[in-house]
Amino acid sequence: MSQRVGNISDRVLARTASAALRGAACTGMRREWDNGEIDVEAARTRQEAWSAAADLLAVCHGCDVVARCLLWAELERYTGVAGGQVLANGKPRRAPVAANRRLGADRELAASA
Ligand code: SF4
């Protein structure tokens with residue numbers, strides 16, 4: 001069922017956001033992405049899920065379209081790794097403290113490169 005976000009239907013926004021994903025850092029990584037998401041899905045704890053997602057999240061954090069990707073993922077209620085987040089039905093899953101520290105270090109590294 002379509003909902004409205006402001007004056008625009010969420011389906012129109014999702015189409016617009018996904019159309020803008022050209023230049024995605026994960027282009028050509030379908031197999032790695034699927035395998036990574038299977039590992040995330042199989043994780044029994046939040047810590048395991050974020051550990052399994054670490055390689056994919058590192059790709060996201062170097063991606064030029066991360067904000068648009070996250071908008072698309074939220075609107076599509078995506079479950080998996082997208083937009084620099086581990087998502088369940090389009091909602092970011094909270095990262096364990098250790099993962100937050102590691103991602104912060106990744107961002108500092110990317111910013112200094
Ligand atoms: S943010 Fe991540 S999932 Fe989204 S397009 Fe970029 S690399 Fe791919």
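Which residues of helix 4 are buried? In this predicted model, the buried residues of helix 4 are Cys69, Leu70, Trp72, Ala73, Glu74 and Leu75. Two of these names, Cys69 and Ala73, return below in the account of the nonpolar core, and Cys69 appears once more beside the ligand.

A view of the whole chain helps to place this helix. The protein chain contains five helices and five strands, and its elements follow one another along the sequence as β-β-α-α-α-α-β-β-β-α. The chain has 113 residues, of which 24% count as buried. Among contacts between residues at least 6 apart in sequence, 53% join residues at least 24 apart.

The sheet is a good place to go next. Strands 3, 4 and 5 form an open sheet in the order 3-4-5, with antiparallel pairing. Its edges are strand 3 (80-82) and strand 5 (91-92), each of which pairs on one side only. Strand 4 covers residues 85-88 and is joined to strand 3 by three bridges. Within this pair of strands, Val81 stands opposite Val86, while Ala82 has Gln85 as its bridge partner. The hairpin of strand 3 and strand 4 has two residues between the strands, and Gly83 takes a positive phi near 60° there. On the other side, two bridges join strand 4 to strand 5, and Leu87 has Pro92 as its bridge partner. This second hairpin also has two residues between its strands, and Asn89 in the turn has a positive phi of about 55°. Another positive phi, again of about 55°, is found at Arg77, just after helix 4.

Helices pack around these strands. Helix 2 (residues 30-42) lies across strand 3 and strand 4, running at about 130° to strand 3. From helix 4, Ala73 is in contact with Tyr78, Ala82, Gly83, Leu87 and Gly90, leaving aside its neighbours within four places in sequence.

Several of these residues meet again in the largest nonpolar core, which has 20 residues. Those with the most contacts inside this core are Ala53, Cys69, Ala73, Val81, Ala82 and Val86. Helix 3, helix 4, strand 3 and strand 4 each supply at least two residues of the core, and helix 3 gives the most, with seven residues.

Ala53 offers a closer look at the contribution of helix 3, the helix in which it is found. Ala53 counts as buried because 23 other C-beta atoms lie within 10 Å, where 20 or more are needed. Not counting residues up to four places away in sequence, Ala53 touches Gly36, Val40, Val81 and Val86. Two of these partners, Val81 and Val86, are the residues that stand opposite each other in strand 3 and strand 4. The C-alpha atoms of Ala53 and Ile38 are separated by 9.7 Å, although these residues are 15 apart along the chain.

The ligand completes the picture. It is surrounded by 13 residues, the closest being Ala24, Cys26, Cys60, Cys63 and Cys69. Helix 3 (46-60) and helix 4 (66-75) are the elements that give two or more residues to this shell. By class, the shell has eleven nonpolar, two polar and no charged residues. Cys69 thus belongs both to the residues closest to the ligand and to those with the most contacts inside the largest nonpolar core.

Methods:
Residues numbered from 1 in each chain as written. Predicted model: local features only at pLDDT ≥ 70, side-chain atom pairs only at ≥ 80, totals over all residues. Pairing = 2+ DSSP bridges. Helix = DSSP H or I, 4+ residues; strand = E, 2+ residues; numbered from the N terminus. Contact = placed C-beta atoms within 7 Å. Axes fitted to C-alpha atoms, helices over the stretch in contact; angles between N-to-C directions. Near = placed C-beta within 6 Å. Nonpolar A, V, L, I, M, F, W, Y, C, P; charged D, E, K, R; others polar. Buried ≥ 20, exposed ≤ 12 C-beta atoms within 10 Å, placed from the backbone. Core = buried A, V, L, I, M, F, W, Y, C linked by C-beta atoms within 7 Å.
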